[in-house]
Amino acid sequence: MKVLLTMPIGVEKTEIYRILGIKAPPLGLAWIAAVLEREGIEVKVIDAPTIGLSEQEFMKIIDTWSPDIVGISSLTPTIYLAYRTAKITKDVDSNIKVIIGGPHATFMWSDILAECPYIDYVVIGEGEYTALELVKTLEKNGDVSNVRGIAYRNKDSRPVFTGIRPLIKNLDELPPPARHLLPMDKYTLFGKPIRIAHIMASRGCPYGCAFCSTSYFFGRRVRFRSPELVAEEIEECICKYKTKAVVFTDDEFTINHRWLLKFLNELKERKLDIKWSCGSRVDTVNKEILKHMVNSGCTGIYYGVESGSQEILDKIGKKITLKQAEDAIKSSKELGIMTVATFILGLPWETIDDMKKTASFALKLDPDYAQFTAATPYPGTPLFQIAKNDNLIVDWDWSHWTTLRPVMRGYNFTVQDVERMLNYAYRYFYLRAKFIIRQLKRGVFKDMLKVLYRNLVKPSMDTLVSVFKKILGLHTSI
Ligand code: B12
Ligand code: SF4
């Protein structure tokens, strides 16, 4: 049995990819590949956007390698490209079974089966064991209705869901992601040859914020891998791929201090000399833990602050206070950690004044970088239900659901208002002397000018926004 796992073809040409400009490995596919390989199944992984694979090249691979199964990973904004990838797979060989997985597929499986005849199976939720069981069942020509966690069309073309598969209890059972199947030399920092590895130490989050699908996808209980195995994975990356920097892609890396301290100690004992960055809530750090983090190589933290209005924070269930945000950014900066604060504009309950408050709060916090994105009601989130029920969604073209542009109006504002406020917030934060001088001092202004120059042909505010997002893209990688 030969299984080819791929990202949708053509993602690198989309707005979001060009603007974010981040090349990151598809850890989900690499993990599935590792589990399949462990069972002796022949697997190939294609990180199509990173290597810039064209449709023709993809079809050629299908033609020459002849997989029995093609698995495609997809997010909401890349779903149409996933459909197209499924179609061109079947164009080459209609006998190939096509499987799709990922957060969009998980919550929209019934629409997917109705919309795309080229997709045979949808894997719902965490994919490793479901994919393995499905592949083994297909290999034996067995009865797929016994495979939990999938959806498919039955003989009468009716959609069937086989029921939820429980989450993997012990993540240590999983082998490390199959990085040997990925183009590891292509994941560099700012396009420079500093080798970077993406590591995920945990899955799940207890908070269930209204705009985020993590708790509904990976569960409310955080499942940590053991500190030893995570450190071992890093050590392996250093040996095999000359990794110099690690990005932890956990949603909330600092949530469990006992685990974190054990892990940091593990890094110390193994004398692992790496720089690393992570994402964190503002209420799960304090000066003491930050000191430990800095001492073991932490150089950057990505904080989800979301809003400058306490009322809005409460409404989205973020369970943080503005004061906690101030304290976290202040302490981090004092310790020399580069901070990125992320904010959402256009949450349904906001007023224009609330959005202005968010822009002002960003300035008050004065993180190294601020990222403002449009509130997007991704499927599977409480926000999706609210937006759908109250007819707030004005753009149902999934390819626009990138967070770069609003697709939803509020109770008191239009999508045009959000566009205007995003431009306002970016201008307000970045076009100020303090920020520009800081960049000059750091010597990174050259990079910024380069990107600006490239975009000056179309010097609209939108362009400026994308320029700064590009810069953020560069810097949020570490
Ligand atoms: C790291 C990360 C990024 C990185 C790297 C992405 C990459 N190359 O993987 C960067 C910064 C580039 C990024 C960008 C974006 N991201 Co992002 N990202 C994440 C994050 C934090 C971790 C991803 C990860 O590695 N997960 C770990 C693996 C194990 O999970 P997984 O990929 O989902 O795969 C599992 C299952 O989904 C399933 N599966 C997935 N694919 C397949 C395929 C098959 C065939 C099968 C059988 C199963 C299967 O099995 C896998 C193993 O269990 C997630 C949140 C999260 N916790 O997952 C958000 C998340 C995926 N991102 C999200 C979004 C919205 C984006 C952006 C669209 C928006 C933005 N402004 O950032 C862009 C889009 C980029 C693009 N090119 O399209 C949303 C997606 C929501 C949705 N419905 O689509 C998430 C879920 C965040 C959230 N909480 O809402 N992201
Ligand atoms: S935004 Fe962060 S804290 Fe909130 S549910 Fe998502 S991962 Fe958890």
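A residue counts as buried if 20 or more other C-beta atoms lie within 10 Å of its own, as exposed if 12 or fewer do, and as partly exposed in between, with C-beta atoms placed from the backbone. Helices (H or I, at least four residues) and strands (E, at least two) are DSSP runs numbered from the N terminus. This is a predicted model, where local features need pLDDT of at least 70, side-chain atom pairs count only at pLDDT 80 or more, and totals for chains, interfaces and linings use all residues. Residues are numbered from 1 along each chain as its sequence is written, while chains are lettered from A and ligands numbered from 1 in the order in which they are written.

**Exercise 1. Find out how covered strand E3 is, and on which faces.**

Step 1: Go to residues 69–73, which form E3; five of its five residues are buried.

Step 2: Split them by side. In a regular strand the side chains alternate between the two faces of the sheet. Here Ile69, Gly71 and Ser73 sit on one side, and Val70 and Ile72 on the other.

Step 3: Put it together: both faces of E3 are covered.

**Exercise 2. Work out which strands pair with E3, and place E3 in its sheet.**

Step 1: Recall that two strands pair if DSSP finds at least two bridges between them. Strand E1 (residues 2–6) pairs with E3 in the parallel sense, over four bridges. Look for Leu4, whose bridge partner in E3 is Val70.

Step 2: Now take strand E4 (residues 97–101), which runs parallel to E3 and is joined to it by five bridges. Here Ser73 stands opposite Gly101.

Step 3: Keep going to strand E5 (residues 121–123), which pairs with E4 in the parallel sense over two bridges. Ile99 has Tyr121 of E5 as its bridge partner.

Step 4: Write down the whole order, E2-E1-E3-E4-E5-E6-E7, an open sheet of seven strands with mixed pairing. Strands E2 (42–46) and E7 (159–161) stand at the edges with a single partner strand each, so one side of each has no neighbour in the sheet.

**Exercise 3. Trace the chain from E3 to E4 and give the handedness of the unit.**

Step 1: Pass through helix H5 (residues 79–92), which together with E3 and E4 makes a β-α-β unit.

Step 2: Check the rule: a crossover is right-handed if, with the strands pointing away from you, the path from the first strand over the helix to the second runs clockwise. This unit is right-handed.

**Exercise 4. Describe how helix H4 packs on H5.**

Step 1: Get the geometry. Axes are lines fitted to C-alpha atoms, for helices over the stretch in contact, and angles run from 0 to 180 degrees between N-to-C directions. The axes of H4 (residues 55–65) and H5 come within 9 Å and cross at roughly 45°.

Step 2: Name the angle. H4 is therefore oblique to H5, given that under 35 degrees is roughly parallel, over 145 roughly antiparallel, 65 to 115 roughly perpendicular and the rest oblique.

Step 3: List the residues in contact (C-beta atoms, placed from the backbone, within 7 Å). H4 brings Glu55, Phe58, Met59, Ile62 and Asp63, and H5 brings Ile88, Thr89 and Val92.

**Exercise 5. Look at helix H18 and say how covered it is.**

Step 1: Count the buried residues among the 10 of H18 (residues 433–442): the count is zero, so to speak a hardly covered helix.

Step 2: Move one step on to Gly443, which follows H18 and has a positive phi, near 80°.

Conventions
Contact = placed C-beta atoms within 7 Å.
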